[in-house]
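Colleague: Could you walk me through how to read a model like this one? I would like the general idea each time, and then the case at hand.

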Amino acid sequence: MSFFKNIKTENIELKLPFLKDDGFEIFMKREDLIHPIISGNKFRKLKYNIEKFKKNKNSTLITFGGAYSNHLLAVSYIAKIENINSIAFVRGDELGVLPLNSTLQRCFDNGMVFKFISREKYRFRNDSDFLKNLSSKYNNAFIIPEGGTNDLGILGCEEILTLRDKNFFDVICVPVGSGGTFSGLINSSLKKQKILGFSALKNSNIINVINKFVNKNNWELIDEDLFGGYAKSNQNLIHFINKFYNDSNIKLDPIYNSKMIFKILKIIKQNKWIYGKKILIVNTGGLQSVESFNKTLKNKKCATINYSL
Ligand SMILES: Cc1ncc(COP(=O)(O)O)c(C=O)c1O
């Protein structure tokens, strides 16, 4: 039986004390509960890519990612259970001589082969000549771009919203990395809905990427309050993550979802929320990164996140 079934995830209402009387109805779509490793958008983005891989009878999966990448771990996991060879081009050749962090160690244990490349070379990951070379070198390989963001990945993300979500919610919020999940939500939304993307990193090209994939303009990208940038944090964020867990019993990842929710609540608290009050927050999972994150925090003698996967 295929790992990738058609699924609908549950929406749960967030009953945070300060929102009580303001007329907000805030729900979280628990995509994070789909699977501990292939959680949230990873499941959505790999679904049709793996289907195509099998249909094409390709021999090897090749993909790209950074040291904490949820995407690499998800690809290595599906490759293991489907008995597929997987190769990852990892950003940062310095990582090749360091002990593997827990994300990369898990990928390795799943049988993934690493090619560590310099940050300069990594910039060419979507370049057509670079990809052509790769295809001729790795004969019969199926290449999935970084983050799983391609037409097939986006098609999978178009399945996140149900008909009820489209009819009920004014605003859909989602974290943004490579832009695929956001694009899928935009494509499947109704024009009257607003889709808000919360960037996990500054990327001056992301708007062009999104525009390439979407067919509507009912969206806005928010890229402030990044806590120093991709995978960076400070005591405020860690405190927020731990408090949110205490208040709601929901574990947030430190790279994407926690920063999005921090920002949403900040805008609301400042009375600057200019969108509708029926809000759906898509929790895209990614909890596997907590372990590596906590190790880094511990080494810096900083407070850590009170939970793991
Ligand atoms: C947990 C998690 N949430 C959100 C994102 C961002 O998704 P996208 O790359 O489709 O923008 C990622 C990265 O892929 C992720 O791992």
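Modeller: Gladly. Keep in mind that this is a predicted model. Let us start with one pair of residues: I172 has L280 in β10 as its bridge partner.

Colleague: Which strands does that pairing belong to, and in what sense do they run, parallel or antiparallel?

Modeller: The strands are β7 and β10, which pair in the parallel sense over 3 bridges. Strand β10 also pairs with β2 (residues 25–29), again in the parallel sense, here over 5 bridges. In that second pairing K29 has V282 of β10 as its partner.

Colleague: How many residues of β10 are buried?

Modeller: Strand β10 covers residues 278–282, and 4 of its 5 residues are buried, so "mostly covered" is a fair reading by the cut-off of 20 or more other C-beta atoms within 10 Å.

Colleague: What should I expect of nonpolar side chains in general?

Modeller: In soluble globular proteins, they tend to be buried together. Here the largest nonpolar core has 42 residues, and those touching the most other members are I172, C173, L185, I281 and V282. Strand β7 (residues 171–176) gives the most to this core, with 5 residues. There is also a second, separate core of 24 residues, which includes I37, I50, F53 and I62.

Colleague: Which residues does I281 touch once its sequence neighbours are set aside?

Modeller: Beyond four places in sequence, I281 touches I26, M28, C173, I261 and I264.

Colleague: I62 turned up in the second core. Which residue stands opposite I62 in β4?

Modeller: That is I87. The strands there are β3 (residues 60–65) and β4, which run parallel and are joined by 6 bridges. On its other pairing, β4 is joined to β5 (residues 113–117) by 5 bridges, and these two strands run parallel as well. F89 has K115 of β5 as its bridge partner. Strand β4 spans residues 85–91 and is mostly covered, with 5 of its 7 residues buried.

Colleague: What handedness does the unit of β3, helix α2 and β4 have?

Modeller: To judge handedness, follow the path from one strand over the helix to the next. The unit made of β3, helix α2 (residues 70–81) and β4 is right-handed. Then β4, helix α3 (residues 102–109) and β5 make a right-handed β-α-β unit too.

Colleague: Let us step back to the domains. Where are their bounds?

Modeller: The domain assignment gives domain 1 as 11–37 + 151–299 and domain 2 as 41–148. Their C-alpha centres lie 25 Å apart. As for the contact between them, 24 residues of domain 1 meet 19 residues of domain 2. On the domain 1 side, α6 (151–157), α8 (180–188) and α12 (289–299) each supply at least two residues, and α6 gives the most, with 5. That side divides into 8 nonpolar, 13 polar and 3 charged residues.

Colleague: Why is α8 described as largely enclosed by the rest of the structure?

Modeller: Because 8 of its 9 residues are buried. The buried ones in α8 are G180, T181, F182, S183, G184, L185, I186 and S188.

Colleague: And the loop that follows α8: is Q193 buried or exposed?

Modeller: Q193 lies in the loop between α8 and β8 (194–199). Q193 is buried, with 25 other C-beta atoms within 10 Å. To see what surrounds a loop residue, look for contacts beyond its sequence neighbours. Past four places in sequence, Q193 is in contact with K166, F169, D170, V171, I172 and N218. Q193 and F169 are 24 residues apart along the chain, yet their C-alpha atoms are separated by 7.1 Å.

Colleague: Last topic, backbone angles. What is the phi of F227?

Modeller: F227 has a positive phi of about 55° although it is not a glycine. F227 sits in the loop between β9 (219–222) and α10 (235–248) and is partly exposed, with 19 other C-beta atoms within 10 Å. N249, another residue other than glycine, has a positive phi near 65°. N249 is in the loop between α10 and α11 (257–269) and is exposed, with 7 other C-beta atoms within 10 Å.

Technical notes: Residues are numbered from 1 along each chain as its sequence is written. This is a predicted model: local features need pLDDT of at least 70, side-chain atom pairs count only at pLDDT 80 or more; totals for chains, interfaces and linings use all residues. Domain bounds come from an automatic or database domain assignment. Two residues are in contact if their C-beta atoms, placed from the backbone, lie within 7 Å. Helices (H or I, at least four residues) and strands (E, at least two) are DSSP runs, numbered from the N terminus. Ala, Val, Leu, Ile, Met, Phe, Trp, Tyr, Cys and Pro count as nonpolar, Asp, Glu, Lys and Arg as charged, and the others, Gly among them, as polar. A residue is buried if 20 or more other C-beta atoms lie within 10 Å of its own, exposed if 12 or fewer, and partly exposed in between; C-beta atoms are placed from the backbone. A nonpolar core is a set of buried Ala, Val, Leu, Ile, Met, Phe, Trp, Tyr and Cys residues joined through C-beta atoms within 7 Å. Two strands pair if DSSP finds at least two bridges between them. A crossover is right-handed if, with the strands pointing away from the viewer, the path from the first strand over the helix to the second runs clockwise.
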